[in-house]
Amino acid sequence: MLNRRTLLAQTAGFAVMGLSLGKAAAKNLPGIEKAAMRSAINASELGVRPGALDDQSKAFTKLLRDAHDRDMPVFLPPGIYIVSNLSLPGRVRLSGVPGASRIVYGGNGHLIMAEQAEHIELSGLVFDGSNRWMGDYTHGLLDLRRIAHLVVDNCQLTDSGKNGLALEHASGRIERSEIFGAADAGIYSVEADGLEISGNSVSDCANGGILVHRWQAAEDNTIVSGNRIERIQARGGGTGQNGNGINAFRAGNVIISGNIVSDCAFSAIRANSASNLQITGNTCSRSGETAVYSEFSFEGAVIGNNIVDGAANGISIVNFNEGGRMGVCSGNIVRNLSTSGPYPADAPGFGVGISVEADTTVSGNVVENAPLYGMQIGWGPFMRNVVAMGNIIRKAGTGIVVTVVEGAGTAIISDNVIDGVQNGAIIGQRWAEPVTGDLAASGNAGYAHLTVERNHVS
């Protein structure tokens, strides 16, 4: 918590060197940034002073309004600026010295909000929420709504009392920024249209990392790529609503690629009712529940070339009973799973490598150390048109389980390599109960909806 004594200590140096440091820092900036500073309004020349102990909200508001009217960028020299309840005008280009130009929330409402803006660009700034209370009406330290073009670049957002960055109906990009210590999610986007979230670090947030949500299922077109997300908790409770590194909810046409996600209370990557989804090339470590999840009423999910190391379950493409169908699961490595999760598990339990149900191909995956099942195909009558071919499963409780409940649709299980399993290579089940011998040896055992052939067991 920021107090007066701490603030005095932090700002004493800045108060003396604020103006001169801006010039010194400029000597070390690339040519393009120096040019931008020369063409920008210097905030300190218009009464916004680095290191001042008083609240500068009024001066800051006047500065931004003046810059908006002149359609000019603003440069914020190094120092601490205490502000509250800022409402951004329609066009803002605010930049500072990365790590040194620090905007600190003074309390009593919100830090920065914007509504119906044309262009907002924030770069090289630190936004510090100081873990202070925020008003019920605001959703984040930066709360930006209906932004036609948004850029947040090379910024830090720290210790927000709610979300770090809250967006609604935003287009643009969030990149190269650090968000940590949020009391809810690091980045929360709802109803986006062509947003890109790339190259960021999100860590130590209480309920979520990067959330891409919609009020109703529709195309969202957000790209989440190349981010590093770690240590995400689920203080809000639940069985998957919180605690996810990346979460897509009702958001269609979303690409989640090349992220490194670790130590999340629930999923590294979780998609709920998100159609035409791509989850590719991510590294997911030490997930508390299912590492990669595509669930409920989705149509179309490609989950490929991911690494899952440590989770309660590996990859799930499920909920045909809710309309979840049509997937490709290929080229993934899933290993080192556990039978323990963040809540008491329903049947059949935790420890499953890959689970699929409807209109899905599962090929070229490697599953190792799955204590319950290497692969689960269908659940009760909820299975249709599944092909499991060319996978490697080793060191599992059961290699592959497949449903033989009446009403289940077609499954082809062929050309898989199954090594070192304890309870059979391929077993038919009624719900969670094994009811057949090993189908790898006997074929489909009279179940006409199954084709089981050319599997290699050792």
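**A walk through the predicted chain**

Of the 458 residues in the chain, 54% are buried. The model is predicted. Its secondary structure consists of 4 helices and 41 strands, and the C-alpha trace spans about 85 × 40 × 40 Å along its principal axes.

The open spaces come next. The largest pocket holds about 1,000 Å³ of space. It is lined by 42 residues, of which Arg270, Glu289, Tyr293, Glu295 and Tyr343 are the closest to its centre. Several strands give two or more residues to this lining, among them S13, S16 (208-219), S19 (244-252) and S22 (269-272). Strands S25 (290-295), S28 (313-317) and S31 (352-356) also belong to that group. By class, the pocket lining comprises 16 nonpolar, 20 polar and 6 charged residues.

Closed spaces are also present: the whole structure contains 2 cavities of 30 Å³ or more. The largest cavity has about 50 Å³ of space, and its lining is made up of His139, Asp143, Arg145, Ala166, Leu167, Glu168, Tyr188, Val190 and Trp215. Strands S9 (140-153), S11 (163-175) and S13 (185-190) each give two or more residues to this lining, with S11 providing the largest share, 3 residues. The lining is composed of 5 nonpolar, 1 polar and 3 charged residues. Strand S13 also gives two or more residues to the lining of the largest pocket.

Two of the residues around the largest cavity, Asp143 and Arg145, are joined by a salt bridge with an N to O distance of 2.8 Å. Buried means under 20% relative accessible area. Asp143 is therefore buried, at 1%, and Arg145 also counts as buried, at 15%.

The second largest cavity has a volume of about 40 Å³. Around it stand Gln376, Ile377, Gly378, Trp379, Gly380, Val401, Val402, Thr403, Gln429 and Trp431. Strands S33 and S35 (392-403) give two or more residues each, and the largest share, 3 residues, comes from S35. This lining divides into 5 nonpolar and 5 polar residues, with no charged ones.

Strand S35 also takes part in a salt bridge. Asp419 pairs with Arg394, and their closest N and O atoms are 3.5 Å apart. Because Asp419 lies in strand S37 (residues 417-419) and Arg394 in strand S35, the pair ties together parts that are 25 residues apart in sequence. Both partners are partly exposed: Asp419 has a relative accessibility of 25%, and Arg394 one of 26%.

Elsewhere, salt bridges that share partners link Asp71, Arg91, Arg93 and Glu118 into one network. Another salt bridge brings together the side chains of Asp263 and Arg286, at 2.8 Å from N to O. Asp263 is in strand S21 (residues 260-264) and Arg286 in the loop between strand S24 (283-285) and S25, so this pair ties together parts that are 23 residues apart in sequence. Asp263 is partly exposed, with a relative accessible area of 31%. In total, the structure holds 25 salt bridges.

The last feature is on the surface. Ile307, Ile333, Val366, Ile392 and Val417 form a nonpolar patch there, together offering about 330 Å² of accessible area. Val366 belongs to strand S33 (residues 366-377), a strand that also gives two or more residues to the lining of the second largest cavity. With a relative accessible area of 31%, Val366 is partly exposed.

Definitions and conventions: Residues numbered from 1 in each chain as written. Predicted model: local features only at pLDDT ≥ 70, side-chain atom pairs only at ≥ 80, totals over all residues. Heavy atoms only, no water. Patch = residues over 30% accessible without salt bridge, like charges linked within 9 Å, V, L, I, M, F, W, Y side chains within 5 Å. Areas by Shrake-Rupley, 256 points an atom, 1.4 Å probe, with all protein chains shown as cover. Salt bridge = Lys/Arg side-chain N within 4 Å of Asp/Glu carboxyl O. Buried < 20%, exposed > 50% of the residue type's maximum accessible area, 1.4 Å probe, protein only. 1 Å grid on protein atoms, 1.4 Å probe; cavity = no way out; pocket = protein on both sides within 12 Å on 5 of 7 lines; lining within 4 Å. Points joined across faces, edges and corners; volume = space filled by probe spheres on them. Nonpolar A, V, L, I, M, F, W, Y, C, P; charged D, E, K, R; others polar.
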